[in-house]
Amino acid sequence: MKTIDEDIRSGQFQNIYLLYGSEHYLRQQYKQKLKQALIPADDTINFSRFEGQHTDVSALIDLAETLPFFADYRLILIEDSGFFKNGCETLVNYLPHLPSSTVIVFSESEIDKRGRLYKSVKKSGRIVEFEQQNEQLLTRWILGRLKRENKKITQSVLQLFLSKTGMDMSNIDKELEKLLCYTLNKEIIEAADIEAICTEQVTNQIFEMVNAIGKRDQARALSLYYDLLALKEAPMRILFLINRQFRILLDLKSMKKAGVDAKTMAAKAGIPPFAVKRSLEQAARFPENELHQALKEGTELETDIKTGKITDQIAVELLLIKYSSSPS
């Protein structure tokens, strides 16, 4: 990211940029930064955009060869073309000969670093990966936004906010806008504001569902499940997320036994650092053998659904009922 910022500040642009990675929000932001720096906002003559795997490579090259009209650059944006996963020999051969007045920006969800096109761009352009940001960077970003709006928030309330939004910057941005509007006439953001306005992510509701299972609160587990169904969440996805949570709990139990520190636990389990403590508390409610059995049955139910042995909605209900029942 710093390299793109430096290019924009200096006005010395590469002819090819490849933006990729799991953090879609940052990819969008830097794609816009490059566009604003290279061409005026109302310039539709020198800007072209291609999207999808059916991008016409011949048309793209014809445009790239066309000199900009009363401007320094012609900008071509190519999004999710699949070229960096499936390959494109035509572009591999063409890109080294790209005119200096043309800038091509690729924004891709999936890439193969072993591919010839990736290696070609690495040699003659700039590649920037946008990874999911860690809790520390997200906290700094959120606090910066709040400071510009003259808002204050305590660490515990900020943790509550992140527990609702998850780590995806697009979702955080959306929920932050809602929160700022809701607290327009307030200086200090409180927990009640978060609870009132922020939408809980599906993964948080799954966490609460597994909590209810651990507490043997069958009514609560089923209620949360039916709430998700009412929100049009697919039963198969719910089952996948329940199985994922069981797997996380098993991993955490194993790492705790081995004396692994919380930061490493978070990285290996794929959860935010602030979620480690509450996840360990949840894991303590389940005997290890029960987690193994629940995960095994959950995986088998996924197979049964795919092979038509059972409907998806009933499969999830059966899993919830079995493991949230009080021991006999």
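**Exercise 1. Work out how many helices and strands the chain has, then how big a box holds it.**

Start with the secondary structure: this predicted model has 17 helices and seven strands. Next, lay the chain along its principal axes, and the C-alpha atoms fill a box of roughly 80 × 55 × 40 Å.

**Exercise 2. Find what share of the chain is buried, and what its surface and charges look like.**

Step one is burial: of the 328 residues, 47% are buried. Step two is the outside, where the accessible surface comes to about 17500 Å² and carbon and sulfur atoms account for 50% of that. Step three is charge. There are 45 positive and 45 negative charges, and their mean positions sit 5 Å apart. To finish, look at the contacts between residues at least 6 apart in sequence: 76% of these join residues at least 24 apart.

**Exercise 3. Set the two UniProt domain spans side by side and give the helix and strand content of each.**

Take the N-terminal one to begin with. An unreviewed UniProt entry lists residues 17-130 as "domain: DNA polymerase III delta N-terminal". That span is 37% helix and 23% strand, with its end C-alpha atoms 13 Å apart.

Now the C-terminal one: the unreviewed entry gives residues 204-323 as "domain: DNA polymerase III delta subunit-like C-terminal". Here the split is 78% helix and 0% strand, and the end C-alpha atoms lie 19 Å apart.

**Exercise 4. Check the span of helix α11, then decide whether α11 is enclosed or open.**

Begin with the length. Helix α11 covers residues 202-214, which is 13 residues, and at 1.5 Å a residue it should span 18 Å. The end C-alpha atoms are 18 Å apart, so the expected span and the model agree.

Then count burial, using the cut-off of under 20% relative accessible area. In α11, 11 of the 13 residues pass, so the helix is largely enclosed by the rest of the structure. Among the buried ones are V202, I206, F207, M209, V210 and I213, and N204, Q205 and N211 are on the list too.

What does the covering? The elements over the buried residues of α11 include α8 (155-165), α12 (218-230), α13 (235-257), α15 (276-283) and α17 (312-324). Last, look just past the end of α11: R216 has a positive phi of about 60°.

**Exercise 5. Say which residues of α8 are buried, what covers them, and what follows the helix.**

List the residues: V157, L158, F161, L162, S163, K164 and T165 are buried in α8. Their cover includes α7 (135-148), β6 (152-153), α9 (169-182), β7 (188-189), α10 (191-197) and α11. After α8 comes G166, with a positive phi near 80°.

**Exercise 6. Place K152 and find which residues K152 touches beyond its sequence neighbours.**

K152 belongs to strand β6. Leave out residues up to four places away in sequence, and K152 touches E187, I188 and I189. Now take the pair K152 and E187: they are 35 residues apart in sequence, yet their C-alpha atoms are 6.1 Å apart.

**Exercise 7. Is S120 buried or exposed, and which residues are its contacts?**

Locate S120 in helix α6, residues 116-124. The relative accessible area of S120 is 12%, and buried means under 20%, so S120 is buried. Skip the neighbours within four places in sequence, and S120 is in contact with V92, L95 and P96.

Note on methods: Residues numbered from 1 in each chain as written. Predicted model: local features only at pLDDT ≥ 70, side-chain atom pairs only at ≥ 80, totals over all residues. Heavy atoms only, no water. Helix = DSSP H or I, 4+ residues; strand = E, 2+ residues; numbered from the N terminus. Buried < 20%, exposed > 50% of the residue type's maximum accessible area, 1.4 Å probe, protein only. Contact = heavy atoms within 4.5 Å. Areas by Shrake-Rupley, 256 points an atom, 1.4 Å probe, with all protein chains shown as cover. Lys, Arg positive; Asp, Glu negative; His and termini not counted. Charge placed at Lys NZ, Arg CZ, Asp CG, Glu CD. UniProt positions renumbered as here; feature names shortened; annotations may be inferred. Expected span 1.5 Å × (residues − 1).
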